[in-house]
Amino acid sequence: MEAFIQVPLQSSFVQHNVKLNLRQPTLYAPRARVARSLTLRMRAWGLRPGGVEKFAEELVQTANKIASPGHGILAVDESTKTIGKRLSTIGVENTETNRRAYRELLFTCKGLGEYISGAILYEETLYQSTRDGRPFVDCLKNIGVIPGIKVDKGLAPLPGATLAHETWCTGLDGLSERAAAYYAQGARFAKWRAVIQIAPGGPTRQAVVENCYGLARYARTVQDQGLVPIIEPEVLLDGDHTIERCAEVQEEVYSILYNLCQQQGVFLEGSLLKPSMTLPGADSKQRVSPDTIAEMTIRTLERTIPAAVPGIMFLSGGMTEEEATVNLNALNNRPRKGPWSLSFSYGRALQQSCLKSWMGKDENVRAAQEALLARARANSKANLGKYVPGSEPTLDVTGTFEAGYKY
């Protein structure tokens, strides 16, 4: 006798295998047909057996929503120590109450979902609630923002490195279990940051390969638990290198990275990339225009990033709020062969004016939210190539670059 199971009408099995016009929420389908359908969908996506096939459709939907036109990511994943540095600039003590109060004003900002599609959280924040008991995850969902989570455990000295400053990123141990717990809490994407530094004699091949392997291994691990991986191979601004040298290093890093992603079976359609723009070093005397930055960045991407990746969400790397927006706008006004969305995953370049407007005072919450909306709106326009420089207010005139930045 053929076994039957209950299948939701909204499932990919029904959508791809049955043409019906029914009002009931479920139908009954042979178990064998459902299993065959899943196998066919795996083959259609070119997936390897593991866990990712269970979440393939959801991963694609999440990645594409995050990278949808006019939207980007708010990065709020600063560690307790780093958020303390931010709060100290406005004279606010680094306590759990103050951290919660600041993040509450961000996550309850009405209208933010018009420009922001995802928010990267620190682990503490993922489990926090508003002062009246509403989970932050629910607050984000209510304004149309997908919750995400930073999952790496930070940078550590690279064992056996020939250059003392080179690091690798830790956190693979126990990652699968943590990812499953984060998914259960409501997170739907993750982030892992590896750092590459340009210096005399570096980056070494060892540092590049070790960091790219960690990124690829992380990406496949969290996909198996239903989280879209944001892959962040940050080439630091530290140094006096030229924009041409930056492009050379980025091409090497991204080529190795996606070769290793292929080896690890990473599902590219359900992933996102978070790189730095192609820029001269912070100490370089070379001056370049936004158009030159756009030209070099797009050339680098076209040479190395697979078309299957739906979105490239740039980090700001210490640029001022306006610089980060103007450069993103230039990128989206330049013709390109790649189909990806070029958008933003900004932390400091979205929050500086907001912090300065808040100053830790309840009566300033609305002003701080308006400042956040202004920069989110500016970058939304930049993603569409429609930002007019200076058309949105900013209180950030100096930028926030830090040599060897850690968070």
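## Contacts and overall make-up

A contact here means heavy atoms within 4.5 Å. With that in hand, we can look at how this predicted model is wired: among contacts in the protein with a separation of 6 or more, 78% join residues 24 or more positions apart.

The protein has 14 helices and twelve strands. Its chain counts 407 residues, 58% of them buried. The exposed area comes to about 17200 Å², of which carbon and sulfur atoms supply 51%.

## The nonpolar core

In soluble globular proteins, nonpolar side chains tend to be buried together. Here, the largest nonpolar core holds 113 residues, and L112, Y218, L227, M277, I305 and W358 have the most contacts inside it. Helix α10, spanning residues 243-264, gives the most to this core, with eleven residues.

Y218 makes a handy starting point for a closer look. Leaving aside residues up to four places away in sequence, Y218 touches V151, L172, L175, A190, K191, W192, P229, I230 and I231.

## Helix α8 and its two faces

One of those partners, L175, also belongs to helix α8 (residues 175-185), where the buried residues are L175, R178, A179, Y182 and Y183. These lie on the same side of α8, because they cover an arc of only 140° around the axis. On the face turned away from that buried side, α8 carries the exposed residues E177 and A184.

What lies over the buried residues of α8? The cover includes α3 (56-66), α6 (123-126), β5 (146-150), β8 (189-196) and α9 (205-223). After α8 comes G186, with a positive phi near 120°.

Key. Residues are numbered from 1 along each chain as its sequence is written. This is a predicted model: local features need pLDDT of at least 70, side-chain atom pairs count only at pLDDT 80 or more; totals for chains, interfaces and linings use all residues. Side-chain values use heavy atoms; hydrogens and water are left out. A nonpolar core is a set of buried Ala, Val, Leu, Ile, Met, Phe, Trp, Tyr and Cys residues joined through side-chain atoms within 4.5 Å. Buried means under 20% relative accessible area, exposed over 50%, partly exposed in between (1.4 Å probe, protein chains only). Helices (H or I, at least four residues) and strands (E, at least two) are DSSP runs, numbered from the N terminus. The arc is that of the directions from the helix axis to the C-beta atoms. Accessible areas come from the Shrake-Rupley method with a 1.4 Å probe; for residues, only the protein chains shown count as cover.
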